[in-house]
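These are my notes from a first reading of the structure shown below. I recorded what I looked up, entry by entry.

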Amino acid sequence: MKLCVFDTAEEASRQAALLIDAAVRNQPATVLGLATGGTPLALYREMIRACRAGTDYSRVTTFNLDEYCGLPASHPQSYRTFMDANLFSGLNIAPQNTHIPDGLASPAAHYCHAYEAEIRAAGGIDIQILGIGSNGHIGFNEPGSAFDSRTRVVSLTPQTVRDNARFFHSPDAVPRSAISMGIGTILEARQCLLLGFGEKKAQAVRAALEGPATTDLPASALQSHPDVLVFLDKAAASALSRRDQSSCHPVPKSRDENIF
Ligand code: GLP
């Protein structure tokens, strides 16, 4: 893992966007794994800006981490609606190249299997963007998720329902289950880019980076991945024991000193 701490979430997002932009320019058929939530919004704005400035997304393929069960794609709070509004509508990406789990799929197990097959058929994910839940979840892999889990239907914890209630008119409207890529699916991405912003994420970030790798803290599974970049703002990094947070560091110590 390599850790980069930036003064602000905006600066971290700008740097993350530069990384994505370089990947798409170098390899026009890049496969991106995408996340929802508040965390990647500034990154997505920067990606749109770069596309308007000339980066070509026409051959890019995307796979989103998750979708709520029971919400049609057209629902205002579906992750399909979120992605169309906050990213895809601003890119010259082909709609058929954007993949988001279908929250109404039935039978779900068969559908989840097919979603995995689509990722494989696309050649696997080159860069997986991740946020982190306040309980350490990635995608909707809640504490207890096996590190070799695959795309499946998952139950959301009361904490996650509370955290995500801000997007719904009432906590009762938040779906209690979702389809999520598994941790094993995420770990197969060639590179993971974990973004964490705000003090609310500080404890989860500390546990993910400095605690033991445990299913109690799903993001700690990333410790075993050979190529993970962690971009934090100062608030999200505030609980880390590392003192010098002024630049990018390998975590834990690695012989490879190149940050990217
Ligand atoms: C949701 C998503 C996650 C996301 C997390 C954090 O639960 N399924 O992929 O990382 O929320 O959300 P936020 O970025 O809004 O804090």
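Entry 1, the pocket. Before locating the ligand I fixed the term: a molecule sits in a cavity or pocket if more than half of its atoms lie within 2 Å of its grid points. I also noted that the model is a predicted one. With that term settled, I looked up where the ligand is placed, and I found it in the largest pocket.

Entry 2, the shell around the ligand. I asked which residues come nearest to the ligand. Of the 14 residues around the ligand, the nearest are Gly38, Thr39, Asp66, Arg166 and Lys201. I then sorted the shell by class and recorded three nonpolar, eight polar and three charged residues.

Entry 3, polar contacts of the ligand. I looked up the distances from oxygen atoms of the ligand to N or O atoms of the protein. For Lys201, an N or O atom of the side chain is 2.6 Å from a ligand oxygen. For Gly38, the atom concerned is a backbone N or O, which lies 2.7 Å from an oxygen of the ligand. For Asn164, I noted a polar side-chain atom at 3.3 Å from a ligand oxygen. I next checked how much of the ligand is covered: on its own it has 390 Å² of accessible area, and the protein covers 94% of this.

Entry 4, Ala23. I placed Ala23 in helix α1, which spans residues 9-26. Is Ala23 buried or exposed? Its relative accessible area is 19%, and the cut-off for buried is under 20%, so Ala23 counts as buried. I also compared Ala23 with Ile127: they are 104 residues apart in sequence, while their C-alpha atoms are 8.6 Å apart in space.

Entry 5, Pro107. I found a cis peptide bond between Ser106 and Pro107, with omega at about -5°. Pro107 belongs to the loop between β5 (98-99) and α4 (108-121).

Entry 6, His169. I located His169 in the loop between α5 (158-164) and β8 (177-180). At a relative accessible area of 77%, His169 is exposed, because the cut-off for that class is over 50%. Its C-alpha atom is 10.0 Å from that of Gln77, a residue 92 positions away along the chain.

Entry 7, Arg150. I found Arg150 in the loop between β6 (127-130) and β7 (152-155). Its relative accessibility is 30%, and I therefore entered Arg150 as partly exposed. Arg150 and Arg166 are 16 residues apart along the chain, and 28 Å separates their C-alpha atoms.

Technical notes:
Residues are numbered from 1 along each chain as its sequence is written. This is a predicted model: local features need pLDDT of at least 70, side-chain atom pairs count only at pLDDT 80 or more; totals for chains, interfaces and linings use all residues. Side-chain values use heavy atoms; hydrogens and water are left out. A residue is near a molecule or strand if one of its heavy atoms lies within 4 Å of it. A polar contact is a pair of N or O atoms within 3.5 Å; within protein, one must be able to donate a hydrogen and the other to accept it, and residues adjacent in sequence count only if both atoms are side-chain atoms. Accessible areas come from the Shrake-Rupley method with a 1.4 Å probe; for residues, only the protein chains shown count as cover. On a 1 Å grid over the protein atoms alone, a cavity is a set of points where a 1.4 Å probe fits but cannot get out, and a pocket is an open set with protein on both sides within 12 Å along at least five of seven lines; lining residues have an atom within 4 Å of a point. Ala, Val, Leu, Ile, Met, Phe, Trp, Tyr, Cys and Pro count as nonpolar, Asp, Glu, Lys and Arg as charged, and the others, Gly among them, as polar. Helices (H or I, at least four residues) and strands (E, at least two) are DSSP runs, numbered from the N terminus. Buried means under 20% relative accessible area, exposed over 50%, partly exposed in between (1.4 Å probe, protein chains only).
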